[in-house]
Amino acid sequence: MGECRYSCKSAVETLAWINDIIHFLAPYSSLINAHVVNFFKDRLWENVDAEWIECLRREPVQNLLLIPSGAVQDEWPTSLKEFILKLRSMVFCQDQADMNMALPGLQMTSLNGVIAQGMNVKKKHEVEILSAVISTVASSVRADAIADVGAGQGYLAQVLGFQYQYPVIAIDACSHHGRVTDARAERIKKYYTSQMIKSGSGIRSFNVPRTITCNVLSIDSLKTLVEISLTGDDLEQSRLKAENQEDLGKLHWHSYANKKSSIVLAGLHACGDLSVTMLKTFLECKDVKAVVSLGCCYNLLSEERIEDGESQCGFPMSHAVRSTSFSLGKSARDLACQSAERWRSLDMHAGIHNFELHAFRAAFQMVLSKYYPDIVMTTPSIGRKGKALRRRHQRRSAESQLHLKGSTCHTTQKFPPNAPLVSETDWTLGSISAIQNLPSEIRCTERAECEGIKSDSKFLHFESFCQSGLSHLGIKHSHDINLEGIWKEAEPFADLVGPYWSLRAALGPLLETLILLDRLLFLQEQGSALEACLLPIFDPNISPRNVAVIAKKIDKDLRSS
């Protein structure tokens, strides 16, 4: 796999890296900007090197799933290998950093069962590490408060408050999240209080996070929120609500304007432009001394909005990238969300299922284009039919297995006792996972028997997919629609979906790298007044969006002390 040979320690190095990415991406704009739903209708595979497609068409699914990670096979065309390896060499390395080396003095504390209640494995991993990182950064800038932006249900805010003893405000647009955060905080407070009573250590005060419900739409609104005093006794309610800018003004009026706090802005996967707003607020608000931000949902980033000569959009942020007039576009922003780690983690059956669902969606687009062209013009969304279809077939498979277990199976094959069976019609899609659990000798027999009806079975699943999609769009299914004819037209090329989609997905990590480098360059352009870096703090196999933008304002007094 290609190793990244670039550096981003200075603005000059970062810009050189960005320019190389932009130059590399230029010839592949048709691949990046393609709408995969139009795969069959627009014959998208014809826009890719025919030698590449024919080569990958014959590859096992497992090899296709490794392409976004930069894995190549010796027998592949030289040009294909060069494309993948060159691309991968420009991707920011997301292997988890040595945290103690990157942040000297970092002390990570395991979360107890009470404070971790409600967290899944991924969330616990993220909160445990990020809270320690934020605490270390806050200590280095002598911050006395932290603002958790896009706080959700307050997991991070509560660890920072109860475990690291920082005053915290938890800002989120959802009032329900605020109520959940407060309820959890009360349970945690009761637990710690009881523990102190039992130990006889005396009862101390707690830094219970203050929750603020506000949809942060601008730098000014976030600046107002972070300027609110966290220690003012006037603020009797722990949960405040600001519906609009006028409410924010009232909120600010009630705060202690003369008791400014030194604040760290923090965000765990702050969505779309919210991560951008955090970085800009860090620069514009003198009370914000540092920022630790992990972004997500690049597909929701805004572009091409200029006010008073300044960019107000989510991409690009840096002056240097704006001067190139480079833009991503919606398809590229969507593609930036693709994770090489997630692709690599799929087994063969999940990969097959994934590619088949893409084929169904693309064939369904042919149905809409032929019979409902007016609807196609509105860019229809039919929801996440893949998940529903997978669950339906898994349920049928489970029911089939239960039925077979309770009856006598008449077959020439000698099955081991209690071996799970799958009916022929459940061979593909969601129920294929059940095949994986069969003993190998049975699996071969079942596969051979099922191959004969595989095509018919796929059509039945496609038909089910279409009926669900039409229903979602409010269209009554008509028998005049020739679904079988559409599927016969698409099926000969269905095995090209996997190779095509794998090549597109390989560009995802590079597009994410470009977005991250643009954010870093935006900070580096401010000169020596601050320090900024990109740091992969999570295990990417657990949390793929693992790169934190960490920046601190340089305080001359702190530097000399």
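Which residue of strand 5 is the bridge partner of Ala147? Let's work through that and a few other exercises together.

The model is predicted, so local features need pLDDT of at least 70 and side-chain atom pairs count only at pLDDT 80 or more, while totals for chains, interfaces and linings use all residues. Residues are numbered from 1 along each chain as its sequence is written, and side-chain values use heavy atoms, with hydrogens and water left out.

**Exercise 1. Place strand 1 among its neighbours.**

Step 1. Start with the terms: helices (H or I, at least four residues) and strands (E, at least two) are DSSP runs numbered from the N terminus. Two strands pair if DSSP finds at least two bridges between them.

Step 2. The partner of Ala147 in strand 5 is Leu265. Strand 1 and strand 5 (residues 263-271) are parallel and share four bridges.

Step 3. Strand 1 also runs parallel to strand 2, again with four bridges. Here Asp148 has Ala170 of strand 2 as its bridge partner. From strand 1 the chain passes through helix 8 (residues 155-163) to strand 2, a right-handed β-α-β crossover (with the strands pointing away from the viewer, the path from the first strand over the helix to the second runs clockwise).

Step 4. Now check burial, where buried means under 20% relative accessible area, exposed over 50%, and partly exposed in between (1.4 Å probe, protein chains only). In a regular strand the side chains alternate between the two faces of the sheet. On one side of strand 1, Ala145, Ala147 and Val149 are buried, and on the other Ile146 and Asp148 are buried too. Because five of its five residues are buried, strand 1 (residues 145-149) is largely enclosed by the rest of the structure.

**Exercise 2. Find the partners of strand 10.**

Step 1. Strand 10 (residues 547-553) has five of its seven residues buried.

Step 2. Strand 9 (residues 530-536) runs antiparallel to strand 10, joined by seven bridges. Leu535 stands opposite Ala548 of strand 10.

Step 3. Strand 6 (residues 288-296) is also antiparallel to strand 10, over four bridges. In this pairing Val291 faces Ala551.

**Exercise 3. Pick out the unusual backbone angles.**

Step 1. Recall the background: most residues other than glycine have a negative phi, and most peptide bonds are trans.

Step 2. Cys297 has a positive phi near 50°. Cys297 sits in the loop between strand 6 and strand 7 (306-307), and is partly exposed at 27% relative accessible area.

Step 3. For Ser325, phi is positive at about 65°. Ser325 lies in the loop between helix 13 and helix 14 (330-335) and is exposed, at 64%.

Step 4. The bond from Phe315 to Pro316 is cis, with omega near -5°. Pro316 belongs to the loop between strand 8 (310-311) and helix 13 (319-322).

**Exercise 4. Describe the second largest cavity.**

Step 1. A cavity is a set of points on a 1 Å grid over the protein atoms alone where a 1.4 Å probe fits but cannot get out, and lining residues have an atom within 4 Å of a point. Its volume is the space filled by probe spheres set on the points, which are joined across faces, edges and corners.

Step 2. The second largest cavity holds about 30 Å³ of space.

Step 3. Its lining includes Gly152, Asp172, Cys174, His177 and Thr211. Strand 2 (168-172), helix 9 (175-199) and strand 3 (210-213) are the elements giving two or more residues to this lining.

Conventions
1 Å grid on protein atoms, 1.4 Å probe; cavity = no way out; pocket = protein on both sides within 12 Å on 5 of 7 lines; lining within 4 Å.
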